[in-house]
Amino acid sequence: MIGYVTLGTNDLQKNAPFYDAIAAEMGYGRMMDFDTFIAWGAWDGPAGVALTKPFDEKQATVGNGTMVALQAQDKEQVHRLHEIALSNGGSDEGAPGPRGEADENGNVFYASYFRDPDGNKLNAFCMVNEG
């Protein structure tokens, strides 16, 4: 249902490498690249992520309680995405690991949390079977 998610930035060129690295780990690159807007993903793929300077030319701000969740392939990729985020100017918001209890089939939500250089919150997640 979601086509893409757009996050605001105050310095597109400084913060684009953060998303270049995250997208590359997930097998994607830039699909749109303009002076004020960059989008990562594939035209015929799942929802993408875009970074833009606000259209109204005011300061970009972080939404409190707003987060973009990136679906990882497995636990190992959750760890890699967290490491990539931190090594590309992001900050830690929660180390990789299981969250909550397993359901009746042994499935557990496994995630890491981090912020991009502008302070936008993201998470990398997958469901794993611990049963």
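In strand β4, alanine 50 is the bridge partner of alanine 39, and that pairing is a good place to start looking around this predicted model. Alanine 39 belongs to the stretch of strand β3 (residues 37–41), which pairs with β4 in the antiparallel sense over four bridges. From there, the tour moves on to an open sheet of four strands, to the helices α1 and α2 that pack on it, and to a few single residues worth a closer look.

**Strand β4 and its partners**

- β3 and β4 form a hairpin, and six residues lie between the two strands.
- β4 also pairs with strand β1 (residues 4–8), this time in the parallel sense and over five bridges.
- If you would like a landmark for that second pairing, look for tyrosine 4, which stands opposite glycine 48 in β4.
- How many of the five residues of β4 (residues 48–52) are buried? Five of the five are, so the strand is largely enclosed by the rest of the structure.
- Gly48, Ala50 and Thr52 point one way from β4, while Val49 and Leu51 point the other way, and all are buried.

**The four-stranded sheet**

- The strands of this open sheet come in the order β5-β8-β7-β6, and their pairing is mixed.
- β5 and β6 (91–99) stand at the edges with a single partner strand each, so one side of each is left without a neighbour in the sheet.
- Averaged over the sheet and ignoring direction, neighbouring strands are turned by 20 degrees against each other.
- At one edge, β5 (residues 67–71) runs parallel to strand β8 (residues 121–129), and five bridges join them.
- Within that pair, alanine 69 has asparagine 123 of β8 as its bridge partner.
- The two faces of β5 are unlike: Val68 and Leu70 make up a covered face, whereas Met67, Ala69 and Gln71 make up an uncovered one.
- At the other edge, β6 pairs with strand β7 (residues 107–115) over six bridges in the antiparallel sense.
- Here serine 91 is a handy marker, standing opposite arginine 115 in β7.

**Helices on the sheet**

- Helix α1 packs on the sheet and touches β5, β7 and β8, with its direction at about 155 degrees to that of β7.
- Helix α2 lies across β6, β7 and β8 and runs at about 10 degrees to β7.
- The two helices also meet each other: the axes of α1 (residues 12–25) and α2 (residues 75–87) come within 9 Å and cross at roughly 165 degrees.
- That angle makes α1 roughly antiparallel to α2, and the crossing is right-handed.
- On the α1 side, the contact is made by Phe18, Ala21, Ile22 and Glu25; on the α2 side, by Gln77, Arg80, Leu81, Ile84 and Ala85.
- Sorted by character, the residues of this helix contact are six nonpolar, one polar and two charged.

**Two residues in the sheet strands**

- Is alanine 111 buried or exposed? With 0% relative accessibility, alanine 111 counts as buried.
- Alanine 111 is found in strand β7, and leaving out residues up to four places away in sequence, its contacts are Val78, Ala95, Pro96, Gly97, Arg99, Asn123, Ala124 and Phe125.
- Alanine 111 and alanine 69 are 42 residues apart along the chain, and 9.3 Å separates their C-alpha atoms.
- Glutamate 93 is found in strand β6 and, at 36% relative accessibility, counts as partly exposed.
- Which residues does glutamate 93 touch, not counting those up to four places away in sequence? They are Tyr113, Phe114, Arg115 and Lys121.
- Between the C-alpha atoms of glutamate 93 and glycine 65, which are 28 residues apart along the chain, the separation is 13 Å.

**A loop residue with a positive phi**

- Glutamate 57 is found in the loop between β4 and β5.
- Its relative accessible area is 73%, so glutamate 57 is exposed.
- Most residues other than glycine have a negative phi.
- Glutamate 57 has a positive phi instead, near 65 degrees.

Terms used
Residues are numbered from 1 along each chain as its sequence is written. This is a predicted model: local features need pLDDT of at least 70, side-chain atom pairs count only at pLDDT 80 or more; totals for chains, interfaces and linings use all residues. Side-chain values use heavy atoms; hydrogens and water are left out. Axes are lines fitted to C-alpha atoms, for helices over the stretch in contact, and angles run from 0 to 180 degrees between N-to-C directions. Angles under 35 degrees count as roughly parallel, over 145 as roughly antiparallel, 65 to 115 as roughly perpendicular and the rest as oblique. A crossing is left-handed if the near helix is turned anticlockwise from the far one by less than a right angle, and right-handed if clockwise. Contact means heavy atoms within 4.5 Å. Ala, Val, Leu, Ile, Met, Phe, Trp, Tyr, Cys and Pro count as nonpolar, Asp, Glu, Lys and Arg as charged, and the others, Gly among them, as polar. Buried means under 20% relative accessible area, exposed over 50%, partly exposed in between (1.4 Å probe, protein chains only). Two strands pair if DSSP finds at least two bridges between them.
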